[in-house]
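Student: I'm new to this model and would like a close look at just one part of it. Could you take me through its largest pocket and the surroundings?

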Amino acid sequence: MKDLTIHHAKESRVANVDFQNLPFGKIISDHMFEIDYDGKQWVNPRISPVEKMSIHPMNMALHYGQSIFEGMKASRSKDGTPLLFRPELHAKRMNASAVRMCMPEIPEDIFVEAIHAIVGIDQEWIPKIEGSAMYIRPLMFATDEMVGVKASDTYKFMIICLPVGPYYPKPIKLLVEPHYIRAAQGGVGEAKTAGNYAAALYPSKLAREQGYDQVLWLDAVHHKFVQEVGTMNIFFVFNNEIVTPATSGTILKGITRASTLEILRGNGHTVNERDLSIDEVLSRYQAGELIEVFGTGTAALIANVEEIKYDNHFIRLDSSNWALSTSIKDEINGMRFGTIEDKRGWTVPVKEVAVTA
Ligand code: COI
């Protein structure tokens, strides 16, 4: 990457990490990548030791929410090579979010090279234990200092890396949200923008108070059709078809969702992306046709659902039937850890990034 400067940490903190007991999202690696948008172009790419950043009280991201991010994972193949999973798709989705939030796109080659560079430098932080990974968090936010609603002229794009354990260490329970909504047509539900997650916090808190891990969102118009979970997309396995809600503007276009669809279809399964009402889910459950429900996401990978509460109804799923979700998890993990052949070319070995002055 042209003009990339690298300042190494004097001493790595990696020896202090208990890789056997990794929480999700609390431990950060030694280095971070930054590049700034000066209103015309991206300038001053740099990798430096992680440190706190100072922020101006008029920073526009704080006031008006121009803030987007991605979530990706790096793993280590059985011969020790650090691997990325479909980085180019994350670059494209980051830019789709940027366009929607009136932010500048980051050239895909800068995005992808920066991921290679930071993961290459901090590769000792990639956990070797099954179920763990290095979570990569690219983010972009407004940096103009002004109070007044307009798009910022300047931005910062960064990448940080976190060794993580499983996001959901055990099967989860979902509460069908009876009142609040996540996204409406024409809104920002498809963008990976911070406000979508903030808006979900209060309903999620109410769900947790009732003993549920997450909210299952319904559509904003009819309050009838299943959307997603907020931290992941959702799949329903019936006896004769697999259904996941179609991404028609209100649902995040998950990369694990897309990978799962390709794997399922490649293995000869019928998967329909369509409207699915919660009443259909309930009646097919009552008819004995619902076999598995699982979420897909970068952080969650494949998360089994053991219970869904809808109104006064309970959908309870029997873990002895979770063969399909287990096979998808095994296939994706097999590629990520190099234990099965990656016929689709989804994993990319981390390459040394040339630093040119
Ligand atoms: C991801 O799966 O990467 C996300 O950003 C979801 C978040 C709950 C960590």
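Which element gives the most to the lining of the largest pocket, and with how many residues?

Tutor: That element is α4, with four residues. Before going further, please note that this is a predicted model, where local features need pLDDT of at least 70 and side-chain atom pairs count only at pLDDT 80 or more, while totals for chains, interfaces and linings use all residues. Residues are numbered from 1 along each chain as its sequence is written, and side-chain values use heavy atoms, without hydrogens or water.

The largest pocket (on a 1 Å grid over the protein atoms alone, an open set of points with protein on both sides within 12 Å along at least five of seven lines) has a volume of about 900 Å³. Volume here is the space filled by probe spheres set on the points, which are joined across faces, edges and corners. The pocket has 42 lining residues (an atom within 4 Å of a point), and the closest to its centre are Phe69, Arg137, Tyr167, Tyr197 and Thr231. Besides α4 (194–199), the elements that give two or more residues to this lining include the strands β4 (67–69), β7 (133–142), β8 (155–164), β10 (214–216) and β14 (290–297), and the helices α5 (201–209) and α6. Helices (H or I, at least four residues) and strands (E, at least two) are DSSP runs, numbered from the N terminus.

What kinds of residue face this pocket? The lining divides into 21 nonpolar, 14 polar and seven charged residues. Asp, Glu, Lys and Arg count as charged, Ala, Val, Leu, Ile, Met, Phe, Trp, Tyr, Cys and Pro as nonpolar, and the others, Gly among them, as polar.

Now step back to the domains, whose bounds come from an automatic or database assignment. The chain is assigned domain 1 (5–166) and domain 2 (172–321), and the lining of the largest pocket draws at least three residues from each. Measuring over C-alpha atoms, the centres of domain 1 and domain 2 are separated by 27 Å. About 1,400 Å² is buried between the two domains, and carbon and sulfur atoms give 59% of that area. (Buried area is the accessible area, with a 1.4 Å probe, that two parts lose on being put together, summed over both.) On the domain 1 side, Phe69, Arg93 and Arg100 supply 39% of the area buried against domain 2, more than any other three residues. Phe69 is thus a residue to find in your view, as it is also among those closest to the centre of the largest pocket.

The second largest pocket has a volume of about 340 Å³. Of its 23 lining residues, the closest to the centre are Pro166, Tyr168, Ala300, Ile302 and Lys329. Here β15 (301–310) gives the largest share, four residues, and α8 also supplies at least two. This second lining, too, draws at least three residues from each of domain 1 and domain 2.

Finally, there is one cavity of 30 Å³ or more, a cavity being a set of points where a 1.4 Å probe fits but cannot get out. About 110 Å³ of space lies in the cavity, and among its lining residues are Met72, Phe85, His90, Thr298 and Arg336. Both domains give residues to this lining, so the cavity lies between them. Five of the lining residues are nonpolar, three polar and two charged.
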